[in-house]
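Reader: I want a close look at a single part of this model, with the cut-offs spelled out. Please keep it plain.

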Amino acid sequence: MKKIFLLTFCLAAFFTLDGFTQGAYVPFNRDYYHMLERYEILDGNNNPSFHTGFKPYRRDHVAAFLDSLSESDISRSKADKFNFNYLSNDNWEFISGDTEASKKPFLKHLYTKPADFYHYRDSVVDIHINPVLYLAAGFEPGIDEMRFRNSRGIEIRGSIDRKVAFYTFMTSTQTIFPTWVKDFAEHSGAVPGEGFWKRYNETGYGFFSARAHLSFNVTRHIEAQFGQDRNFVGEGYRSMILSDFSNPYLFFKLNTKVWRFQLTNIWAQQTADMFFDNQGRPTDKVRYPKKWFAMHRLGVNLGKNLNIGIFESIMSDQFDWNYLNPIIFYRWVEHQGGSPDKLMLGTDFKWNLTRGMQLYGQFGLNEFVFTEFFELEGKNSSRNKHGIQVGYKYIDVLKIPNLDLQLEYNQARPYTYQEKRPYQSFSNYRTPLTHPLGANFKEAIGILRYQPEFLPRLFATFTGMYQFYGDDPSPEVNFGKDVLKNRTVTNTGKGLYGHYIGQGVENTVIMGNLNLSYMVKQNVFLDLSHSYRKRTAEDLSSPESTNFTQFSIRVNMVRNDFNF
């Protein structure tokens, strides 16, 4: 019944289509999206084509933004011009002006456009087909076994009648992770960003990945998307509201854009848990339990350079028709039905305070008791659960072209994303829906990006990270970090008050990652990266430290950095 309703709901929207050009969504890629967003920050004003607070973006909107840049007075370096050309070629079917044709097509019909292995376009069908490849080899000192990744697949996008856009992505992967990523996977039973997996050569993992969606306009101002993918809220490297860290999930999304306002609604079905066999491997003999996620965010451009969003999201272990109302206040629905569902609300913002500089942030609140939030009765209540982000972006640091700095601070109090009922935590496929650490942490991140004028095909990115968090000494104890645990079963000996960030087994992680990416041709990259990671903890006799060096070739795939 539930699935039939969702399908009927989507089809009803489908048949109300109007005749507007449609574009598939650009997969969320931090490097790619930074290229776009730095133009807005350089201009100092909110871009006229889309709100950046909800990602990913639609290709036709990206192209409209690029078209608007052709009339702007933004001073562009050689690297910026290279990026503008790259982005225009990548979305060429929506660009109003002429874009490049390949100088040397392969076999006359392949790569006639730099971004497409093959494309066909007439008045009815528009289709773009590309191969997907990710081959990587890496090494850690003291470990003989090579770390590697071998992903192969295909990406297809396009539209029908210029009214319905489609996108599908499929890869098959075998990989052996660096030690800290393997530790995460073994502890949680889940591979970061992926779903069902199998053992590969005892120490590795094999998995099949797929994402797909349809997108269309319901009216001139209402857009719809239906499919399986990830979503991301905010301007930061992390998100304390909704991130891309978990496995893709089924969702239906509505974007309503009127004047300065954008209302985004998401209704999603997610995987509540997995079942494992006696060897610790996921089993496909039993259907995994589901849970239901709904979210709406209203964003508004205040003036030319400030955007503020308010959001409300809810996680339920049961399907509830009330949450399908796109403009209802979920908290009211909860109270009226006596529901114990997991609700979060809060705000996010970005402020382009001057040309080349941006401030941004988020605040997500899980539970609010006035006297405890403001510590009128006692300090550090376990019901004082919230996540905070504050960030700063500086484009062309000290007027050095394409030297960009990003600073970010994140924290989440203990128990913020946990819940007392099964299958209501903010997780999907046993991984957090927000920050990789879950909760009970503080984190500082610095990112420096550089693209030299003399060699614009080279992208250098340094990411430095400091994390402080409290972990559980045993599976039976719950200090509030692990989002999968029940927040009412703690076994800590603490009462209502006295809960602080870092409680439990204190851990400190210092990490640095330097990545050099060279674009050989459109969406073909050679990567060389080095990571250093050091973890100290109260239960370790000496620090754990490792160095990881990796070389890779990527074709139409997002780079994995494993910065957690």
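In what kind of crossing does H2 pass H3, left-handed or right-handed?

Author: H2 passes H3 in a left-handed crossing; a crossing has that hand if the near helix is turned anticlockwise from the far one by less than a right angle, and is right-handed if clockwise. The model is predicted, so local features need pLDDT of at least 70 and side-chain atom pairs count only at pLDDT 80 or more, while totals for chains, interfaces and linings use all residues. Residues are numbered from 1 along each chain as its sequence is written, and side-chain values use heavy atoms, with hydrogens and water left out.

The axes of H2 and H3 are 11 Å apart, and the two helices pack at an angle of about 40°. That makes H2 oblique to H3. Axes here are lines fitted to C-alpha atoms, for helices over the stretch in contact, and angles run from 0 to 180 degrees between N-to-C directions. Angles under 35 degrees count as roughly parallel, over 145 as roughly antiparallel, 65 to 115 as roughly perpendicular, and the rest as oblique. Helices (H or I, at least four residues) and strands (E, at least two) are DSSP runs, numbered from the N terminus.

On the H2 side, the contact (heavy atoms within 4.5 Å) is made by Tyr32, Leu36, Tyr39 and Glu40. H3 brings Arg59, Val62, Phe65, Leu66 and Leu69 to it. By class, the contact of H2 with H3 has seven nonpolar, no polar and two charged residues. In this scheme Ala, Val, Leu, Ile, Met, Phe, Trp, Tyr, Cys and Pro are nonpolar, Asp, Glu, Lys and Arg are charged, and the others, Gly among them, are polar.

H3 spans residues 59–69, and eight of its 11 residues are buried, so the helix is largely enclosed by the rest of the structure. Buried means under 20% relative accessible area, exposed means over 50%, and partly exposed lies in between (1.4 Å probe, protein chains only). The buried residues of H3 are Arg59, Asp60, His61, Val62, Ala63, Phe65, Leu66 and Leu69. They pack against H2 and H4, and also against strands E4 (147–160), E8 (222–229) and E10 (249–258).

Ahead of H3, the loop between strand E1 (54–55) and H3 holds Pro56. Lys55 and Pro56 are joined by a cis peptide bond, with omega about 10°. Most peptide bonds are trans, and most residues other than glycine have a negative phi.

H2 (residues 30–43) has a second helix neighbour in H4 (residues 78–90): their axes come within 11 Å and cross at roughly 120°. H2 and H4 are therefore oblique to each other, and their crossing is left-handed. From H2, the residues in this contact are Tyr32, Met35, Leu36, Arg38, Tyr39 and Leu42. Those from H4 are Asp80, Asn83, Phe84, Tyr86, Leu87 and Asp90. The contact of H2 with H4 divides by class into eight nonpolar, one polar and three charged residues.

Aromatic residues link this region further. One aromatic cluster is formed by Phe28, Tyr32, Tyr33, Phe50, Tyr57, Phe65, Tyr86 and Phe232. Tyr32 is in the contact of H2 with H3, as is Phe65, and Tyr32 and Tyr86 are in the contact of H2 with H4. Rings of Phe, Tyr and Trp (its six-membered ring) pair if their centres lie within 6.5 Å; planes under 30 degrees apart count as stacked, over 60 as edge-to-face, and the rest as tilted. The whole structure has 33 aromatic pairs. In one of them the ring centres of Trp197 and Tyr205 are 5.1 Å apart and the planes stand at 75°, so the pair is edge-to-face. Trp197 counts as buried at 2% relative accessibility, and Tyr205 does at 0%.

For contrast, here is a helix elsewhere in the chain. In H5 (residues 179–188), Trp180, Val181, Lys182, Phe184, Ala185 and Ser188 are buried. The partners of these buried residues are strands E6 (198–200), E7 (204–217), E19 (431–432), E22 (505–521), E23 (524–537) and E24 (544–555). Just after H5 comes Gly189, with a positive phi of about 80°.
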